[in-house]
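Me: Please introduce this structure to a new reader through a short series of questions and answers.

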Amino acid sequence: MVPSFETRAIAPEVLERLRVGDDAGRVREACTDPEGGAPLRCCLRRSRAGERIMLVSYAPLRAWARERGVDPGPYDEVGPVFVHGDPCDGPEGTGYPVELHGSLRVLRAYDARGRIRGGRTVDLPTERAGEVDGLLAELFADPGVALVHLRAVVFGCFFAEMRPLR
């Protein structure tokens with residue numbers, strides 16, 4: 001099955017802003033990751049030992065709504081995300097970020113006004129992460145779905161955004 005969506009990391013211009021002051025209005029400091037393994041939302045992979053990373057507050061729906069000139073309303077959540085402390089090359093592709101897949105994730109669908117339209121929980125081992133493409137295709141089959149956020153269920157944090165290829 002050819003994916004009917006593209007996955008997007010946090011945009012470079014948004015990352016630049018977050019490194020100066022995050023969406024909670026705070027200046028965060030980069031640190032060296034001694035062990036690696038932090039889920040990076042700038043390049044959709046896990047950090048490697050010795051990389052400089054930051055934990056910043058990010059409002060993903062706010063960034064999307066700003067692009068479209070709409071109000072994200074009450075769904076304007078701010079949460080923690082790891083990013084590189086300095087600009088990176090971004091993700092290698094536009095498919096589902098298998099490297100960031102975990103056992104319990106949620107695919108939360110939003111409409112063009114930024115209101116939640118539904119979603120699916122995903123409880124699959126990493127080796128079956130390819131099955132998420134089918135779930136995303138089902139969500140995007142609804143023409144009212146404008147984007148889907150991948151989030152962690154336990155921590156609630158944002159991982160990536162998927163947009164339909166229409």
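The exchange below concerns the sheet, the cores and the cysteines.

Me: On what basis are the values given?

Reply: This is a predicted model, in which local features need pLDDT of at least 70, side-chain atom pairs count only at pLDDT 80 or more, and totals for chains, interfaces and linings use all residues. Residues are numbered from 1 along each chain as its sequence is written, and side-chain values use heavy atoms, with hydrogens and water left out.

Me: In what order do the five strands of the open sheet stand?

Reply: Strands (E, at least two residues) and helices (H or I, at least four) are DSSP runs numbered from the N terminus, and two strands pair if DSSP finds at least two bridges between them. β7 (residues 105-110) pairs with β8 (residues 116-122) over six bridges, and β7 also pairs with β9 over six bridges. The pairing in the sheet is antiparallel, and the order is β1-β10-β9-β7-β8.

Me: Which strands stand at the edges, each with a single partner strand?

Reply: An edge strand has a single partner, so one of its sides is left without a neighbour in the sheet. The two strands in this position are β1 (5-8) and β8.

Me: Which element gives the most residues to the largest nonpolar core?

Reply: A nonpolar core is a set of buried Ala, Val, Leu, Ile, Met, Phe, Trp, Tyr and Cys residues joined through side-chain atoms within 4.5 Å, where buried means under 20% relative accessible area, exposed over 50% and partly exposed in between (1.4 Å probe, protein chains only). The largest core has 22 residues, and Leu107 and Leu136 are among those with the most contacts inside it. β7, α3 (132-140), β9 (147-152) and β10 (158-164) each give two or more residues to this core. The largest contribution, four residues, comes from α3.

Me: Which residues does Leu136 contact, leaving aside its neighbours within four places in sequence?

Reply: Contact means heavy atoms within 4.5 Å. With those neighbours set aside, the partners of Leu136 are Phe5, Tyr96, Leu107, Val148 and Met162.

Me: How many disulfides does the structure hold?

Reply: A disulfide is a pair of cysteine sulfur atoms within 2.5 Å. The sulfur of Cys88 is 3.7 Å from its closest cysteine sulfur, in Cys42, which is too far for a bond. For Cys157, which is buried with a relative accessible area of 9%, the closest cysteine sulfur is also in Cys42, at 14 Å, again too far. The number of disulfides is zero.
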